[in-house]
Every structure is written in C-alpha cells, then in structure tokens.
Amino acid sequence: MSTVDICEVSGRRYRVHTALSGGSSDGSIDLRSKSHNARNTAADTGKSLRQDIPVPRQLHKYLVGSQSATLLRLRQESQAKITIPNERSKSDTVQVEGLPEELAKAEELIMQIIKENLHRIPYTHFISLPISDIDVQRKVKLFQADVAREFLRDVDCRTFTDPESLHITIGMLRLLTTKEIAGATELLKSLQKQISDELSARPLVIKVGQPKCMEPNAKMARVIHAQAGDFADDGRLRRLCEFVRVAFDQAGYIDDKRALKIHITVLKAKEATECADNTGCAGKRACGTINAAPLLKKFGGADFGICRIGQIQIAKRFQHTDAGAYDNEGFVLLP
C-alpha cells in the first residue's frame, strides 16, 4: 500500500507520496516509479533498467537547477541516466535509467529535491464560497467607485476585486496534477452530507459589510476586505468553514497553518514590483501598502447587504468564466 507523507518545510505542510509501490488513489502528488516491480525482479541480474517517475512539470526546473548544476549532481550521485523533458514539453514524466540500486538512489534524491522546493510553487486553486448575489456585487462596485474617486492617489483601480468574483476563501490549494485535482474535488463532494449537517440543513444567509484592513496598522494596509458573518448570528458560517478546512488539512491539501480569517477581499494595495521606484508612496510608508486610515474613516460603515451562499467550490485561482466569476473544478450545493 502507498502512504502519503505530509512533510513540513519552513513551517508549512506538503502532501507527497513516499511509497515506491502500489497505485495512487487519493490524488496526491505521486513520485513513484512505474517499474518498481521490474526493478525488484532484476535486482539480481545486474541488468540496466529504465523507469518513468511522475514529477509535475512545475517542479522540473528544480531538478535541473542553474546551468543544469542540480541535474548533473543527481546523475553523479546516483550514477543513473536521468532525462527531464524540455521546457516546451507538457510531460510530467522524468525518465531514469540504470542498475536497480542506481534507480533507487535517483528516486531518493528526486524526492528530497521535491520536498525542499514544493513550497515555491504558487497556489493553483482555493476552496471558495462564491458571492453571487447581484445586489451585493452592485453595492461593492459602487463602493469601489467612491474609493477610486476620492482616494485615487492612494489606490490602484487595477487591484480592485471584480465584483463578479467576490468570495470567501476557506483554504488555498496547490494542485499540480490531474490526480490531485480529482482527489480534492472528490473529497469535497464526499463531505456533502456532513456539510448539510453543519448547516442544520438550512440555507446559509450572510451579511456583508463594514470594510476593514487585514493588517493591524491601517496606515500600512495591504488588503481591504468586507466582513462577513451570519445574518442570524448563529455561528453556522464559521462552523462550515472550519469543518471543511479541517477535512482538507487532515487530507494534506492545506499547508498554511495561519488561523482562518473569514473575509471578502474588495481591494488590495499595489504590488511592490509595480512601484519599484517608490513613486507615489507617501513618506515612510512601505511600497506595496496603502494608507487606509482616511478611507476607512469615511467608508468604514458601508453596508453591502445580505446574501445566500449557494455552493462551495474548488475554484481555479487564475481562471474566470465569461461572467467574471472564478471557474471551478467542482462544487457542492448548500441547502
């Protein structure tokens, strides 16, 4: 049987297969050889074998390294011939050729590099509660227009959240293979009855309003968000979010240990890379932040209304539908 190793790197947890036999059924990154059994049977023959090791192509560059230095080291230390697809290839397969002990050493070294670098890959998906209510979206758009008109020097309209893509994030996901995507989607669907139980089989209606900044110092804000809470003040929104987050965390899909903050992002500060020369940054304020104190003083009491949350999604981080909402891999309908 295969096992999933939840390895910890720099305070975050990552989901990686460590077993070298059997099949993957839970959607985690599978780095096992397809010809391990053949390697065992050939162990006493001294024959050179070739095997394919599935490695998500987003991680190939870490196996190659600067000027191919890492790849050369892997070949030298394992004495195996290691072939990594070129950058234009869509293949997730790394080919290794050599004697059985050389193949084993190559796999060990590849696993080590994957563990050390997996956290460098950007998140690809997130567990989302989409805000699809047209009236809430309209009020957020009006708020953003007011902010842009009165605080144009402090904000960048390009960083406003598209009202059609408003959402509550339950957890960020790094799904690098079709198996990972399928595994996360199936996990969500398997929770449907328990999700309904957490909500007492009743519709989830929330209130959206009171813009706040995520940071403790409003003069150094990076994210302005709308608070989200139960309309009936019965705690079901938080119970739902925590239940789903724990389920995905225990399955190894969530590596961020920070506490869950239920919020709806409506505005972000300009990225530091977009303001490298500090143009427009006031005084000692760090680039990549805004002074949100005046903004919150004027608009802190804004009310965006109430809405019903209709579903939970495995949303695609960088992809949107024609309507502007985040595209998704799958979803569960709420009561």
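Contact here means heavy atoms within 4.5 Å. This is a predicted model, in which local features need pLDDT of at least 70, side-chain atom pairs count only at pLDDT 80 or more, and totals for chains, interfaces and linings use all residues. Residues are numbered from 1 along each chain as its sequence is written, and side-chain values use heavy atoms, with hydrogens and water left out.

**View 1. Methionine 214 and its surroundings.** Let us start in the loop between β8 (204–213) and β9 (223–230), where methionine 214 is found; strands are DSSP runs of E, at least two residues, and helices runs of H or I, at least four, numbered from the N terminus. Setting aside neighbours within four places in sequence, methionine 214 is in contact with Val223, His225, Lys261 and His263. Its C-alpha atom is separated by 9.3 Å from that of threonine 265, 51 residues apart along the chain. Methionine 214 is partly exposed, at 24% relative accessible area (buried is under 20%, exposed over 50%, partly exposed in between; 1.4 Å probe, protein chains only).

**View 2. The largest nonpolar core.** A nonpolar core is a set of buried Ala, Val, Leu, Ile, Met, Phe, Trp, Tyr and Cys residues joined through side-chain atoms within 4.5 Å. This one has 58 residues, of which Leu129, Ile195, Ile206, Phe248 and Ile312 touch the most other members. Helix α8 (residues 236–250) gives the largest share, six residues. Another core, of 22 residues, lies apart from it and includes Tyr62, Leu71, Ile121 and Leu176.

**View 3. Around isoleucine 206.** Beyond its neighbours within four places in sequence, isoleucine 206 has contacts including Ile131, Ile168, Phe231, Leu237 and Ile309.
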